[in-house]
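Colleague: Please give me a close look at one part of this model, the pairing of its strands, and then place that part in its wider surroundings. I would like each term explained where it is needed.

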Amino acid sequence: MAAKAGKRAKSTNRQQEQEETSMADGQAQTETTVLEDPELSRSPEHEPEPKLPMSGVRVIDLGTFLAGPHAASVLGEFGAEVLKVEHPIAGDPMRRFGTPTKRHDATLAWLSEARNRKSVTIDLRQQEGVQLFLKLIAKADVLIENFRPGTMEEWGLGWPVLSEANPRLIFLRVSGYGQTGPYRRRSGFAHIAHAFGGLSYLAGFPGETPVVPGTVPFGDYFSGLYGAIGIMMALRHRDKTGRGQVIDIAIYESVFRQLDEIAASYGLFGKVREREGSGSFVAVPHGHFRTQDDKWVAIACTTDKMFERLAEAMERPELASSALYGQQRKRLAARNEVNQIVIEWVGSLPREEVLNRCLACEVPVGKLNNIADIFEDEHFRARGNLVSLEEPGLGEVVVPGVVPTLSATPGRITNLGPPLGNATYEIMRELLELSADEIKRLRQRKII
Amino acid sequence: MIMTNQTHEDALPLSGIRVVDVATVIAAPYCAGILGEFGAEVLKVEHPMGGDICRKYGTPTQRGDTLAWLSEARNKKSVTIDLHRREGVEVFKRLIEKADVLCENFRPGTLEKWGLPWEALHEINPGLIMLRVTGYGQTGPYKDRPGFARIAHAVGGIAYLSGMPKGTPVTPGSTTLGDYLTGLYGCLGVLMALRYREQTGIGQYIDAALYESVFRCTDELAPAYAMFGMVRERHGPTHNDFACPYGHFPTKEEGKWVAIACATDKLFARLAEAMGRPELASSSLYGEQKTRLENRHDVNEIVRDWCGSLTRDEVLKRCYATGAPAGPLNNIADIFGDRQFHARRNLVSIDDSDLGETVIVPAVIPRLSETPGRIRHLGPKLGEHTDAVLTELLGMSTEEIGELRKKRVI
């Protein structure tokens, strides 16, 4: 399976991919050459990197799991130097979260999501570790943490201390409930934040069991993105004024912010949105439908025009007449009837046939891909969404590529999740200019 | 529920940045929305007849525009220009000359058809940054297919994972998640491109695909398939690939659920304590993740029985007391009553003079200590700012504007 996946995966060099995709449809031939290209295994030290938007920005990622760290990942993909500071013995618990690999300190989730980092071990529960950490802070632009609010303060690393060590520092704090408010000390994970933020309540069939909305760490990514956006804004502000600041992100807020008009419609009309199964409250037909070969497609007729096209694809154009279901209002009123018609039509054909007929009429339609479908998909391949990297001792590891794609300065993946402490010596020696003896002493005392 | 801590406009991180938002619905416009919250001037360019279809997406208000529009077009100025007309394209080009960022989400080829390909825009304004959002991106075999977030959830792999095992896959909570997600990745791209432009003077475009934003957020789905051939399936209310207990559990009260997430052994020990059964976390029983995963049915059963014997508040109170990670499955009514939402001012009331009503919308995030964002007004009326922008920004005369209006170019 590894080899099979490897062949389908693409290089890490987005620039190159873009050239390829613009070179029309010769994907099949170019892929193999891309994979054999020695550039793939080239380590970044061998050649100066082209300038990227975040070049010269140093990020200290003190976070665990995903919520804060995803912010560091995206900045790292676009050129920031990311130092992952971890406990010398345990490291980030993310190293143990997910599917284990032959590398004892790395699950697959860690390898993918700790991309582009250097690992530096420092024990912040020891006073000497705190002092060392503050030296690092003096040389950093951004610090990211996601401990329970109060933890950094207990270690003597509150904002006043950090800001004094480096007035230009930007401090991203991600937590389940934020740094303020009555619940701030509660432990929070994305799974809890999905529930608290109102998303989980909406996933599932009406009156039935609320299910996990897709994946358990979904909200962590949202928070990481809001965090990264906050950092970019704060960097602009700092470059103008010389002053850093704090960004306070609650995971539940990142989830709640994305629920379109749910607050406005409760506020104005008292409407409590309920679970909608595979559908949507704003449009019909808009949902998931089972095909004859027991697979699924999504169809989204957001507008009347889209429904007209679907009616045409179904060879029943009369359905889109104003006397029948031409208007969204009428379709919403006759939700069950309209859905039933679509259910029957989709159920009478294999998935490929449904897709072909819909696409011929420009109906918004798509397969409900599982990961096997995704690996087979020509569009994922053409866009370079699956990137294969050779990891020592593990072979090929395939991970999602960089998003978004920038035309002049595409991001890149230089390395997967690093071994614990792989850059401790380098950073202590070169950045903090400690002597070899000093480093040895710190190591013996398990401070680093 | 009123936002405090207003920043002086000039001090906001994006003051002085002008964004032209010619996009529709939520994805690319959400990027413009965030930039506007932090000080950018956002000009929403819309078709003179009807405008952005987001005005019709969701629950209508007396004004005709929906609540989704009022909330998500916050802070924008509406300028009507018909880009299907040559004269409209000329006005638009003059606007681009004075813009820093352009957000668009037409199907690939549309801007080109109007004589506005990237090369032309870049020539007019070499520092321009353009965010392009589509269902499938600007390249690849599916680039011309229509795409909405619903489709992107399906193609990107997240819809397949939502629902009961072997049951009908359900909407992953909300049909527009992928739009917001893409708005976020797009906004990040724009901010990085702005940084690069300030250092080099060079603009660029960002090619964002809805399905890619969704797929990027699927943790180890791809590496696990590539390495072990694992195809992840729907798990219903509990997700025990990595940890147990991890899921939704019903309480004694009909319709009230709690979420519990024991990602580590320590967190399970706290839950065991909350349940009054600390022995469950001993190494001979379920103290280790590995053992819990092997016995997930038993462990889930124990937690389900316990939750089912108490009210929601009792379950939560006991969990909070020991630090076990738990939370309510809030509906929007719960949210409006919640102390944390109030304390964090997550709900902002804005008096809309046109509606004569107060509209409550989600507040600005992220929360910045020195330069917090702000909501100055809700979604504008169609063409509300056309005259002001054409006069003040482009220096057009009243006659010129009258002429364009007569021809329905604006």
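Modeller: Two strands are said to pair if DSSP finds at least two bridges between them, and strands (E, at least two residues) and helices (H or I, at least four) are DSSP runs numbered from the N terminus. Residues are counted from 1 along each chain as its sequence is written, with chains lettered from A and ligands numbered from 1 in written order. The model is predicted, so local features need pLDDT of at least 70 and side-chain atom pairs count only at pLDDT 80 or more, whereas totals for chains, interfaces and linings use all residues.

The closest look belongs to an open sheet of chain A, whose three strands follow the order β7-β8-β9 with antiparallel pairing. Its edges are β7 (286-290) and β9 (365-367) of chain A, and because each has a single partner strand, one side of each lacks a neighbour in the sheet. On average, and ignoring direction, neighbouring strands of this sheet are turned by 25 degrees against each other; such angles run from 0 to 180 degrees between N-to-C directions, the axes being lines fitted to C-alpha atoms, for helices over the stretch in contact.

Taking the pairs in turn, β7(A) is joined to β8(A) by five bridges, and the two run antiparallel. Within this pair, A:H286 stands opposite A:A300 of β8(A). The two strands form a hairpin with five residues between them, and in the turn A:D294 has a positive phi of about 60 degrees. On the other side of the order, three bridges link β8 (residues 296-300) of chain A to β9(A), again in antiparallel fashion, and here A:I299 has A:V365 of β9(A) as its bridge partner.

Two helices of chain A accompany this sheet. Helix α15 (residues 335-347) of chain A packs on the sheet and touches β7 and β8 of chain A, its direction making about 35 degrees with that of β7(A); contact requires C-beta atoms, placed from the backbone, to lie within 7 Å. Helix α16 (residues 351-360) of chain A lies across β8 and β9 of chain A and runs at about 155 degrees to β9(A). Although β7(A) stands at an edge, four of its five residues are buried, so β7(A) is largely enclosed by the rest of the structure. Here buried means that 20 or more other C-beta atoms lie within 10 Å of a residue's own, exposed means 12 or fewer, and partly exposed covers the range in between, with C-beta atoms placed from the backbone.

Strand pairing also crosses between the chains. Strand β12 (residues 405-406) of chain A and strand β6 (residues 205-209) of chain B run antiparallel and are joined by two bridges, with B:D207 as the bridge partner of A:T405. Just before A:T405 comes a loop between β11 (395-400) and β12 of chain A that holds A:P404, and the peptide bond joining A:V403 and A:P404 is cis, with omega about 0 degrees. Chain B has a cis bond as well, from B:I365 to B:P366, with omega near 5 degrees; B:P366 sits in the loop between β11 (357-362) and β12 (367-368) of chain B.

This strand pair belongs to a wider meeting of the chains, in which 131 residues of chain A are in contact with 127 residues of chain B. On the chain A side, helix α10 (residues 218-241) of chain A gives the most, with 13 residues. The residues of that side comprise 74 nonpolar, 41 polar and 16 charged, where Ala, Val, Leu, Ile, Met, Phe, Trp, Tyr, Cys and Pro count as nonpolar, Asp, Glu, Lys and Arg as charged, and the others, Gly among them, as polar.

As for the partner chain, chain B has 17 helices and 12 strands, and 59% of its 410 residues count as buried. Its C-alpha atoms fill a box of roughly 85 × 50 × 40 Å along the principal axes. Among contacts in chain B with a separation of 6 or more, 68% come from residues 24 or more positions apart.
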